[in-house]
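Here is a set of exercises to work through with the model open beside you. Try each task before reading its solution.

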Amino acid sequence: MLDVSSLSAAYGKHRALDGASLKVAKGEIVVILGANGAGKTTLLKAVCGVCPGRVSGRVTMQGADLIGLPPHRIVEEGIALVPEGRGIFGEMTVEENLMLGAYPDRARAEAPGTLDRVYTLFPKLRERRRQVVRTMSGGEQQMVAIGRAMMSNPAILALDEPSLGLSPILCKELFRALKAVRDAGLGLLMVEQNARQSLAIADRGYLLENGAIVHEGRAQELLNDPAVQKAYLGGAAAPQPQAPPMPKPTQSPADIAAAALRGLTARAPSPPTRPTIDTGDLVARAQAASSRRATPAPVPAPPPLQQPAPPHSADRLQRILTEIEDAARRAEQYRPNMKRR
Ligand code: ATP
């Protein structure tokens, strides 16, 4: 049903997902296990069309290509994401949250029937239908998040760490509920750090390390595999070698410029080591920015800046650009020394 093949994703130069391939069929739970930073969330986001990085590869749902589709179209194709942290609206009631999930075309007409099915699967939600969600326990809130995703009438539920932050009792309750969702005929693609409990309810599993799938198998086989036990089930608990986490991208122009300047000024005075900042790129950006400033038209945002400049920031931006140009000049003066080495 869901077929992922050679899926890759990169944030800048950092390749967070490296050619992952997997399948999820109707009525099965597939779990993705991996250490922190292995690329699990990136994989789910790339499948659901919400990965902020550069995504390539193939994702099909019942034969339909999903790569490049906007997230709402992917929901229409039958994939619903329950994100880490749940993404529910605390000030709204259980039923209001659930009904928000029925917004897609594929779900709207059948919303009353779907709501009834969700309440049958999660009787507690029916009891609490008028309760404001922020007053519920973590486990109950997770049920609301899953119920809301189910309201879009999906064929596949993608769940990012659904047991995160839940007590052992609530975890048990959650995994029981997920089994019930699978038994209702949905396919579940689940990222989990709770390897033991997730494998106990799963049909199959994949192990992700440094963005690549390194092993796959039936859940029971994985549970009994000594290497899996060692790495994920509290055996010798050898830490997985991981690339150091990439910093999340800075959003503000001032932050980007300040980071560039810090790196440049810190490194430029010591000739023996080559600066890690790409000064060529910096110069090109500074030149592009300064030629734009020479024109009488209003200054447009330079290319790397994704967001429009906030109001009243023109002076600040101007100052930053001047600083970049100064830094670039210093870098250019520094380069001949390096060439002589
Ligand atoms: P965890 O279990 O800790 O949530 P994960 O396996 O889900 O980790 P991801 O969140 O997919 O891992 O992250 C994989 C790598 O990509 C990490 O090195 C992370 O720092 C990096 N990364 C994730 N999101 C971004 C982003 N928006 N911008 C830059 N780098 C990112």
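**Exercise 1. The second largest pocket**

How much space lies in the second largest pocket? Once you have a value, work out what lines this pocket.

*Solution.* Keep in mind throughout that this is a predicted model.

Step 1. The volume of the second largest pocket comes to about 460 Å³.

Step 2. Its lining is made up of 22 residues, and Val75, Ala80, Leu81, Pro104 and Ser152 are the ones nearest the centre.

Step 3. Now assign the lining to elements: helix H2 (71-76), E6 and H7 each give two or more residues. H2 gives the most, with five residues.

**Exercise 2. The six-stranded sheet**

Find the order of the strands in the open sheet of six, and identify those at its edges.

*Solution.*

Step 1. Reading across the sheet, the order is E6-E7-E8-E3-E9-E10, with mixed pairing.

Step 2. Strand E6 (79-82) and strand E10 (212-218) each have a single partner strand, so one side of each has no neighbour in the sheet.

Step 3. From one strand to the next, the twist averages 20 degrees.

Step 4. Begin at the E6 edge. Four bridges pair E6 with strand E7 (residues 156-160) in the parallel sense, and Ile79 is found opposite Ile156 in E7.

Step 5. Add the helices. Helix H7 (residues 138-150) packs on the sheet and touches E6 and E7, its direction making about 165 degrees with that of E6. Helix H8 (residues 168-183) lies across strand E3 (29-33), E7 and strand E8 (187-192), at about 150 degrees to E8.

**Exercise 3. Strand E9 and its partners**

Is strand E9 largely enclosed or left open by the rest of the structure? Then describe its pairing on each side.

*Solution.*

Step 1. Strand E9 covers residues 204-209, and five of its six residues are buried, so the strand is largely enclosed by the rest of the structure.

Step 2. With E3, strand E9 runs parallel, joined by four bridges; here Ile32 has Tyr206 as its bridge partner.

Step 3. With E10, strand E9 runs antiparallel, joined by six bridges. Arg204 stands opposite Arg218 in that pairing.

Step 4. Look at the connection: E9 and E10 form a hairpin with two residues between them, and Asn210 in the turn has a positive phi of about 45 degrees.

**Exercise 4. A buried glutamine**

Why does Gln141 count as buried, and what does it touch?

*Solution.*

Step 1. Place the residue: Gln141 is part of helix H7.

Step 2. Apply the cut-off for buried residues, which is under 20% relative accessible area. Gln141 has 16% relative accessibility, so it counts as buried.

Step 3. Leaving out residues up to four places away in sequence, Gln141 touches Arg86, Ile88, Val133, Arg134 and Met136.

**Exercise 5. The nonpolar cores**

Which residues have the most contacts inside the largest nonpolar core?

*Solution.*

Step 1. Recall the background: in soluble globular proteins, nonpolar side chains tend to be buried together.

Step 2. In this model, the largest nonpolar core has 48 residues, and Phe122, Leu125, Ile146, Leu157 and Leu178 have the most contacts inside it. H8 gives the most to this core, with seven residues.

Step 3. Take Leu157 as a case. Beyond residues up to four places away in sequence, its contacts include Ala80, Val82, Ile146, Val181 and Leu188.

Step 4. Apart from the largest core lies another of 29 residues, among them Cys51, Ala155, Ala158 and Leu189.

**Exercise 6. The four-stranded sheet and helix H1**

What is the strand order in the open sheet of four strands, and how many residues of H1 are buried?

*Solution.*

Step 1. The order is E2-E1-E4-E5, and the pairing is antiparallel.

Step 2. Strand E2 (14-24) and strand E5 (64-65) are the edges; each has a single partner strand, so one side of each is left without a neighbour in the sheet.

Step 3. At the E5 edge, two bridges join E5 to strand E4 (residues 54-61), and Thr60 has Asp65 as its bridge partner.

Step 4. Helix H1 (residues 40-48) packs on this sheet, touching strand E1 (2-11), E2 and E4, with about 115 degrees between its direction and that of E1.

Step 5. H1 is mostly covered, with seven of its nine residues buried: Lys40, Thr42, Leu43, Leu44, Ala46, Val47 and Cys48.

Step 6. Just after H1 comes Gly49, with a positive phi of about 80 degrees.

Terms used:
Residues numbered from 1 in each chain as written. Predicted model: local features only at pLDDT ≥ 70, side-chain atom pairs only at ≥ 80, totals over all residues. Heavy atoms only, no water. Pairing = 2+ DSSP bridges. Axes fitted to C-alpha atoms, helices over the stretch in contact; angles between N-to-C directions. Contact = heavy atoms within 4.5 Å. Buried < 20%, exposed > 50% of the residue type's maximum accessible area, 1.4 Å probe, protein only. Core = buried A, V, L, I, M, F, W, Y, C linked by side-chain atoms within 4.5 Å. 1 Å grid on protein atoms, 1.4 Å probe; cavity = no way out; pocket = protein on both sides within 12 Å on 5 of 7 lines; lining within 4 Å. Points joined across faces, edges and corners; volume = space filled by probe spheres on them.
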